[in-house]
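Trainee: I have a chain to go through before I get back to the bench. Can we take it one question at a time?

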Amino acid sequence: MPYITNINEDPQLSGRVFYNFEEKNLVVGRKNADPPADIILSSSSVKPRHCVISKEEEQYYIEPCCVQAHDFLYVNGNRVTEKILLSNLDRIIIGTSTVFLFKNPKQEEESQVREADIDYEYVMQEKIDLTEKEVNEEYRKSQNQDDIKLKGYEDENSTQFFDPNNELRRGLHGKLASTYPLVNEANLLVKEFGRNIKF
């Protein structure tokens, strides 16, 4: 029978919690959810009814219950904004740091990763890598527009900085891309606490 199990920062605490899937849907949320959630998490980034894991014709799916959960629900490092199919050894991040591993014994041969390689650090790094990739793609899209705008401001002293092949520019871009996930998470937490601050 398919189930999810926890992945913890402390490897000795991983695989200690199991949620089996029967015929009903499993709702993940907070203790103040109405109707009550099946899996209760206490993180401030988890919505009262955050997401649901459902079974349809021997397939299992996960989907956010509300738009506010979009920034706090990831599978294999990808943000989940609509219903998606779960496969064996999919890594699920709910909130900012609660991690589960989906296991489906009927699909054991289909996974692209080895279970032995999956730990908390692996899952979080996967999320960071894909977020950096998104940032890089957004950067490339906006780069052409920015380069056109900046071309008018170039002079003899600034030409080398605006050159996309310039080492300084590439280094700064790499540092910005790696800090973006952390800034984004800080902004989401500040928003969650009702503060009108943006980093």
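Mentor: Start with a cut-off. A residue is buried under 20% relative accessible area, exposed over 50%, and partly exposed in between. Keep in mind that this is a predicted model.

Trainee: Then is Glu 115 buried, exposed or partly exposed?
Mentor: Its relative accessibility is 39%. The band between 20% and 50% is the one in between. Glu 115 therefore counts as partly exposed.

Trainee: Which residue forms a salt bridge with Glu 115?
Mentor: Look for a nitrogen of Lys or Arg within 4 Å of the carboxyl oxygen. Here the closest N and O atoms are 2.8 Å apart. The partner is Lys 103.

Trainee: How many residues apart in sequence are the parts that Lys 103 and Glu 115 tie together?
Mentor: Lys 103 lies in strand β11. Glu 115 lies in the loop between β11 and α1. The pair therefore ties together parts whose separation in sequence is 12 residues.

Trainee: Is Lys 103 buried or exposed?
Mentor: The cut-off for buried is under 20%. Lys 103 has 17% relative accessibility, so the residue counts as buried.

Trainee: How many salt bridges are there by this rule?
Mentor: Side chains of opposite charge can pair when their charged atoms come close. The rule takes N and O atoms within 4 Å. By this rule the count is seven.

Trainee: Where do Glu 56 and Lys 83 lie, and how many residues apart in sequence are the parts they tie together?
Mentor: These two form a salt bridge, with the closest N and O atoms 2.4 Å apart. Glu 56 lies in strand β5, residues 49-56, and Lys 83 in the loop between β8 and β9. So the pair ties together parts with a sequence separation of 27 residues.

Trainee: Are Glu 56 and Lys 83 buried or exposed?
Mentor: Glu 56 has 34% relative accessibility, which makes this residue partly exposed. Lys 83 has a relative accessible area of 36%. That residue, too, counts as partly exposed.

Trainee: Which residue forms a salt bridge with Lys 106, and what is the distance?
Mentor: The partner is Glu 58, and the closest N and O atoms are 3.6 Å apart. Lys 106 lies in the loop between β11 and α1, and Glu 58 in the loop between β5 and β6, so the pair ties together parts 48 residues apart in sequence. Lys 106 is exposed at 70%, while Glu 58 is partly exposed at 48%. To repeat the partner and distance: Glu 58, at 3.6 Å.

Trainee: Which residue is linked with Glu 58 and Lys 106 in a network of salt bridges?
Mentor: Lys 106 and Glu 58 form a salt bridge. The network also includes Lys 55.

Trainee: Why is Cys 65 not bonded to the sulfur in Cys 51?
Mentor: A disulfide needs the two sulfur atoms within 2.5 Å. Cys 51 holds the closest cysteine sulfur to that of Cys 65, and the gap is too far for a bond: 6.3 Å.

Trainee: And how many disulfides are there by this rule?
Mentor: Cys 66 has its closest cysteine sulfur in Cys 65, at 6.7 Å, also too far for a bond. Cys 66 is partly exposed at 22%, and Cys 65 is partly exposed at 36%. The disulfide count is zero.

Trainee: Last one: how many helices and strands are in the protein chain?
Mentor: From the N terminus, the order runs β-β-β-β-β-β-β-β-β-β-β-α-α-α. That gives three helices and 11 strands.

Definitions and conventions:
Residues numbered from 1 in each chain as written. Predicted model: local features only at pLDDT ≥ 70, side-chain atom pairs only at ≥ 80, totals over all residues. Heavy atoms only, no water. Buried < 20%, exposed > 50% of the residue type's maximum accessible area, 1.4 Å probe, protein only. Helix = DSSP H or I, 4+ residues; strand = E, 2+ residues; numbered from the N terminus. Salt bridge = Lys/Arg side-chain N within 4 Å of Asp/Glu carboxyl O.
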